[in-house]
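Please read the following report alongside the sequence and the model, beginning with a loop and ending with the surroundings of a ligand.

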Amino acid sequence: MPGLVVFGSQWGDEGKGRFVDYLAGQADMVIRYQGGNNAGHTVYANGQEFKLRTIPSGIISEGKPCVIGNGVVIDPASLLKEIEYVEAKGVSAANLHISDRAHVIMPYHKVLDALSEARLGDAKIGTTGNGIGPCYADKTSRCGFRMCDLLEEDRFSKKLKVVLEGKNELITKIYGGKPLSYDEILNDYLEYGRKLKDRIEDTSLLIYDYVKQNKKILFEGAQGMLLDLDYGTYPFVTSSHPTAGGVACGVGVGPQVVTDVLGVVKSYTTRVGEGPFVTELFDEIGDAIRNKGHEFGTVTGRPRRCGWLDLVILRFAVRVSGITAFALSRMDTLGGFDTVKVCVGYEYKGKMIDNYPASLEMLSKMKPVYKEMQGWRDDISEIRNFEDLPQGAQEYVKLIEEETGIPVAMIGVGPGREQCVMRKTMF
Ligand code: GDP
Ligand code: IMO
Ligand code: MG
C-alpha cells in the first residue's frame, strides 16, 4: 500500500509541484490535503509552464484521478478559473474530484483577511490575501460552508443570511469596512455549485477504494513545515497543517496509508511574508540568489527573502514529519558561488542549540553557526547521474545526508520535469 507524501520542509516554494509532477507519472492517484489558492506550484512539462493553485500538480499527467481533499479550502471562482486555465493548455480536468467536506472560501473571508492585516500594521503576518486564515477560522468556529452546501439551495440561502449578517457587522462596526451584498454572494455561489456539482463527492470513498486495491497514492502538500499552524513560526504561519501529519485528517484515510514521506528542500532557504528567519541574508549574496533564482512569489509577486540552507530546520522537519527521503531542488541556482555556507546549528547565549525553538524571542537571538563549503559551477542542468555532478555539489548533498541521517533521493538541476538526478525509486 504505497502512499507517498510530498511536502515542503521549509517555508514553502521549495519545488513541491515539480517533484509531484515527476512522481505523478508513476502514481495512480494524486491528492491535495491542505491549504488553498495561497499555494503556487510551478511545473514545466510538455513544453509548457503551469502555475497551479488548488488543483493537484498530478493533473498534468493526464488520466489519473486528482483529488482536492477535505482539508483544502476552496475558492470556487479561483478553482473554476484554474480548471479553464489547464484546459486551455490542452490538459483535461475531467478526472478532478472535489471533497464535499472541503470548506469554501467566501468573499468576506478575503475582505476580513485584508482588513485584519491592515489593522495589524507592522505586526501583520504578510498573508497572500486569499482569505485562507478567516476560512479555516470559520471551519473551527463551526460557521463555515462546505462544498456540499453549495448544492443545497434552500439550506445554503438560509444559513448565508445568518452568517453574512454577523460578518457584515464585523466588517462595518469593528473594521469600518463596507458591507457585502447577500444577493450577489447567494447568486454567485449557487452558480459555482451548479458548475462544480459533478465533481463534488465523498472523495474519501474513492480514495479508500484505491487504498484497498493497493494502488500508488501521491499526497501533495502545499506551503511548508515552518508555515504549519502548530509547528511553524506562529503566528507567522498559514492556518493548516502542511506537515505529513496533515494527510490523514485532510484526506479521510488512516495514518498507516502513508508509507513514505518525501521532504522537499530548496538548496538554500526562502520565505515570503513576515516572521523570523535565522539564516536570512541581507547582503549582495542574498540579492544574487534572489535575482538568479527569480525568487519572487508565484501568487503575489512579492520578493522572497533569501538565506543559506538551515539544517536545524531540516532536522526539525525530519522529526516532526517522519521524512524518509529528501528531494533537493535548485542545485543549479546555488551553483556559481566560490563558496557556499550551510547552517549546522544555532548559538544561543554561548551554547549550541540543535532544536528549533517555539519562542520567537529566542529565535530572534539565535546566531547561525555555518560550515563553509567549496561551491560548484552552475551549468549542471544536463547532468542526470550523481557521480557526474561537480565535487562541491556532491559534498553538499552528502553533508545534508550526514547531518540529518536521511538520504537525498532526488536532486533538481533545473525546473524542467526531466532536469532531475534520481538516486532512489520512490514508488
Ligand atoms: P512549490 O510551491 O513548492 O511548488 O514551489 P514554487 O513553484 O512556488 O517555487 C519553486 C520555483 O523553483 C518554481 O519556479 C520552479 O520552477 C523552480 N524550480 C524547482 N526546482 C528547480 C530546480 O531544480 N532548478 C531551478 N532552476 N528551478 C527549480
Ligand atoms: P506554496 O504551496 C510560500 C505564506 C504567506 C504568509 C503566510 C500566511 O506555493 O509553497 P496565508 O495566505 O496562507 O494566510 O499566508 O504563509 N504562504 C506561503 N509562502 N509558499 C506558499 O505556498 C505559501 N502559502 C502561504 O506568504 O507568510
Ligand atoms: Mg509555491
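Proline 235 lies in the loop between strand 10 (217-220) and helix 8 (246-251), where helices (H or I, at least four residues) and strands (E, at least two) are DSSP runs numbered from the N terminus. A cis peptide bond, with omega about 5°, joins tyrosine 234 to this proline 235. The model is predicted, so that local features need pLDDT of at least 70 and side-chain atom pairs count only at pLDDT 80 or more, while totals for chains, interfaces and linings use all residues. Residues are numbered from 1 along each chain as its sequence is written, chains are lettered from A and ligands numbered from 1 in the order in which they are written, and side-chain values use heavy atoms, leaving out hydrogens and water.

Most residues other than glycine have a negative phi, and most peptide bonds are trans. Histidine 294, in the loop between helix 9 (284-292) and strand 13 (305-307), has instead a positive phi near 45°. Histidine 294 counts as exposed because its relative accessibility is 61%, exposed being over 50% relative accessible area (1.4 Å probe, protein chains only).

Polar contacts of ligand 1, that is, pairs of N or O atoms within 3.5 Å, are listed here.

| Ligand 1 atom | Protein partner | Distance |
|---|---|---|
| oxygen | glycine 17, polar backbone atom | 2.8 Å |
| nitrogen | aspartate 332, side-chain N or O atom | 2.7 Å |
| oxygen | glycine 414, polar backbone atom | 3.3 Å |

Taken alone, ligand 1 exposes 580 Å², of which the protein buries 93%, with accessible areas coming from the Shrake-Rupley method with a 1.4 Å probe.

Definitions and conventions. Polar contact = N/O pair within 3.5 Å; in protein donor to acceptor, adjacent residues only side chain to side chain. Buried < 20%, exposed > 50% of the residue type's maximum accessible area, 1.4 Å probe, protein only.
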